[in-house]
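Subject: Structure for your review

Dear colleague,

Please find below the structure that I am handing over to you. I would be grateful if you could read the notes that follow with the structure open beside them.

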Amino acid sequence: MPGCYAATKLAPAMDLRLSRCLGAERPAKRSPRGTQPPTHSRFMMVAEGRRTMAATYKMAAYPKEISFRDGSTVIVRPLEPGDADGLLDFFLSIPEEDRFFLKDDVTSPALIREWTQHLNFDRALPLVALGNGRIVAEGVLVRRRGNARSHIAQIRITVTPDWRNRGLGSAMMRELCDIAAGAELDAVHLEVVEDCESAAVEAAGAIGFVRLGRIEGGAHDQQGHLHDIVLLAMPLHKYYEWSKY
Ligand SMILES: CC(C)(COP(=O)(O)OP(=O)(O)OC[C@H]1O[C@@H](n2cnc3c(N)ncnc32)[C@H](O)[C@@H]1OP(=O)(O)O)[C@@H](O)C(=O)NCCC(=O)NCCS
């Protein structure tokens, strides 16, 4: 079962407090006649709550050791500035046909330097898994921008070929969902090219992601053939708690 893995907390680390008081400093609007607008309708209270939502990513669980069904283990932890060379080597180990579907040119040393030297967890929280001392998987939680969308985060996962099919991809998805759930986000989305990234569809489905929709012909492969993109979602809160049993 892909989601079946054992995790051990190794050492206490830090909480990444990401207070984003979105619009909190804005003065309250006054009605044209100078009276305070009504603030107690249920809708407005919800809207106000969203605007002042602070995301706190609870990272005390990391570094964490995770073991798999074949007996292998990895250490999962947030990306660090010293990871530049290891991260570049990792992405160079990913087959060209897989890299083609990634959103960024991950073989660019300048991009990897940017990612490792200017870590901005408020926007993107990258986790790496180390197996036998080298990076063997990377996953990132990207919180969507803007007041209206910041209750949702997207994830992306990549695993080096010789570490695939042992549950690592699902374990990384689960870690990122745990972090998003701890920050009280509402859902995690995963976008995959259906018939080219079928392992991702399989791994996500096995841990409880549901299908939201499909963009027909949303991506093309290296030969120019069109493929559908599938949008998968992990609802958080109670659904997520239940999905773990
Ligand atoms: C998707 C990816 C992260 C999965 O990593 P992984 O460590 O192999 O994931 P898991 O072992 O947890 O689960 C993979 C599941 O997919 C299945 N699978 C593997 N290849 C498959 C294929 N071609 N078609 C259908 N299912 C496949 C495996 O059997 C496994 O299921 P099982 O555990 O029930 O046997 C990895 O394949 C990868 O890095 N791919 C390239 C990048 C990518 O597609 N990323 C996803 C989009 S962001």
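The notes below begin with the chain as a whole and then turn to the ligand and to one residue.

Please bear in mind that this is a predicted model. The chain has 245 residues, of which 29% count as buried. Its secondary structure consists of seven helices and eleven strands. When contacts between residues at least 6 apart in sequence are considered, 68% of them join residues at least 24 apart.

The ligand is surrounded by 21 residues, and the closest are Arg 164, Gly 169, Ser 170, Ala 200 and Glu 202. Three elements each give two or more residues to this shell: strand β8 (152–159) and the helices α5 (168–182) and α6 (198–207). The most is given by α6, which supplies six residues. Sorted by class, the shell comprises nine nonpolar, six polar and six charged residues.

One residue of helix α5 deserves a separate note, namely Ala 171. Is Ala 171 buried or exposed? Ala 171 has 29 C-beta neighbours inside 10 Å, and 20 or more are required for a residue to be classed as buried; Ala 171 is therefore buried. Ala 171 and Ala 203 are 32 residues apart along the chain, and their C-alpha atoms are separated by 9.2 Å.

I should be glad to receive your comments once you have looked through the model.

Yours sincerely

How values were computed
Residues numbered from 1 in each chain as written. Predicted model: local features only at pLDDT ≥ 70, side-chain atom pairs only at ≥ 80, totals over all residues. Near = placed C-beta within 6 Å. Helix = DSSP H or I, 4+ residues; strand = E, 2+ residues; numbered from the N terminus. Nonpolar A, V, L, I, M, F, W, Y, C, P; charged D, E, K, R; others polar. Buried ≥ 20, exposed ≤ 12 C-beta atoms within 10 Å, placed from the backbone. Contact = placed C-beta atoms within 7 Å.
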